[in-house]
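Trainee: Take me through one part of this model closely. I would like to look at the sheet and the loops around it.

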Amino acid sequence: MKTRSRSLFRRLVLTATAWTLVALIAVALALTTLFRNSVLRTLDDRLEAVALTLIATAERTSSGRIVPAQPPLDSRYNRAFQGLYWQINDIDDGEPGEVLGESESLLDEVIYISPSAFETALADFGQPVSYNTKGPDNQSLRVVIQGVELPGEVGRILAIAAEDRRPADAEVRRFAFVSIGVFLVFGVVLAAGVIVQVRIGLDPVFKMRDAVAEVREGRSERVEGDYPVELQPLGVELNSLLDHSREVVERARTHVGNLAHALKTPIAVLLNETSADDGELSSLVRRQTETMSRQVDHHLRRARAAAHAKAIGARCEVTPVVDDLTRTLNKIYARQAKSISADCEADLIFRGERQDLEEMVGNLCDNACKWAAGIVQLTAGLRDDGQIYLRVEDDGPGMDAGQREAALKRGVRLDEETPGTGLGLSIVVDLARVYGGELKLGVSQLGGLSAELHLPGRQR
């Protein structure tokens, strides 16, 4: 559950951050495009002003060339390949004619006239048309052409103004880099804000998760806390579910008790009726009735344990259970000079019903006392995987591997002379499995049998 909460937090943060980054990138691209268009518009306005100057001052010389009477004042027009150029072409039957005049910066080069731009200039005669092309010294040029018809000897001409657009492109790139940097910083700040916002927004959910865990661990009986209006119905439903679970468990306990009473009464009658008769039939009925009684006890106990294990919040302290058992068994086996000692870590909690823990530990200790020569030791602690362990060891004859395997089977008795039903260890195995635990048999350090029980639990 904790992992899923973290996943929800991560999913919300990543989704919000991704959309934020997409929005910021879109805004950065839009601003860069707008800035680029603005720079090109400024460049076009400047070139259009140059073209208008050429048109306004154009005059034909005695040699037949057409030059502006007042050429542009910028000195770069007079130095070769300095990035500023002008050119005047004749218009010959709808086609660009010969070059009639050019700036000194062109030297022996000419400005390429785009056919599509030329057609547009003819279609919108008198209106400037801009385009991009390659120019002298492999420069990237921004070009404005404008076709006009002047009076007198000048006639129809095409005025062309061009400028190296690389400085403008560099300015656009600088703006793009700066805007990306600014939006990147802005994005990081927004991402941090998203994390804080999502964490604050989900904090009540995390608190409710912890409250449910408290119930599950047995430290609380209900989901309590001050939650937002949106989560209050969920809290009410969870508490209703807990109440229903307890009601179902209590009903199951009642039914198990009723069933036990209903079955044990006729079984007791059969045993009483056959106890006074030593006939073959009576002995057979008595043995089968005793077997049936043991099986009924076993399965009713297992059904009760299953109901308890499914109860949410069941818990009990280990130390009081162990102390009560060791005190009782020491009294029972005192006449046989057998003693049982216990060493438990402090604050161990079993996540289950007390009577089930008493059943399991009691069976193990009682079995050890029956076989021990004189010493039984019980130790309990917390394992690395979070489960608790209860180890019962004795100084008896012990078992080999085959005997240990057989001892865990229901109804198997390795010594008919020792009192018992043969169900003790199998009952422990069944109860442990109901709670998700296990029982392991091994060799004790005292020389006898070691029975180690692993159960769900924790330290307080």
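Mentor: Start at one bridge: N89 has L158, in β7, as its bridge partner. This is a predicted model, where local features need pLDDT of at least 70, side-chain atom pairs count only at pLDDT 80 or more, and totals for chains, interfaces and linings use all residues. Residues are numbered from 1 along each chain as its sequence is written, and side-chain values use heavy atoms, with hydrogens and water left out.

Now widen the view. Strands β3 (residues 84-92) and β7 (residues 155-164) run antiparallel and are joined by 7 bridges. Strands pair if DSSP finds at least two bridges between them. Strands (E, at least two residues) and helices (H or I, at least four) are DSSP runs, numbered from the N terminus.

The β3 and β7 strands belong to an open sheet of 5 strands, ordered β4-β3-β7-β6-β5, with antiparallel pairing. At the edges are β4 (95-102) and β5 (129-134), each pairing on one side only. From one strand to the next, the twist averages 35°. Angles run from 0 to 180 degrees between N-to-C directions; axes are lines fitted to C-alpha atoms, for helices over the stretch in contact.

Helix α2 (residues 115-123) packs on this sheet. The helix touches β3, β4, β5, β6 (140-150) and β7, contact meaning heavy atoms within 4.5 Å. The direction of α2 makes about 165° with that of β5.

Next, the loop between α2 and β5, where F125 lies. Leaving out residues up to four places away in sequence, F125 touches I91, G147, V148, E149 and R156. The C-alpha atoms of F125 and E149 are 9.0 Å apart, with their positions 24 residues apart along the chain. Is F125 buried, exposed or partly exposed? Its relative accessible area is 31%, so F125 is partly exposed. Buried means under 20% relative accessible area, exposed over 50%, and partly exposed in between (1.4 Å probe, protein chains only).

One more loop, between β4 and α2, holds L107. Phi of L107 is near 60°, a positive value in a residue other than glycine. Most residues other than glycine have a negative phi.

D347 also has a positive phi, near 65°, and is not glycine. D347 sits in the loop between β9 (339-344) and β10 (348-350). With 41% relative accessibility, D347 counts as partly exposed.
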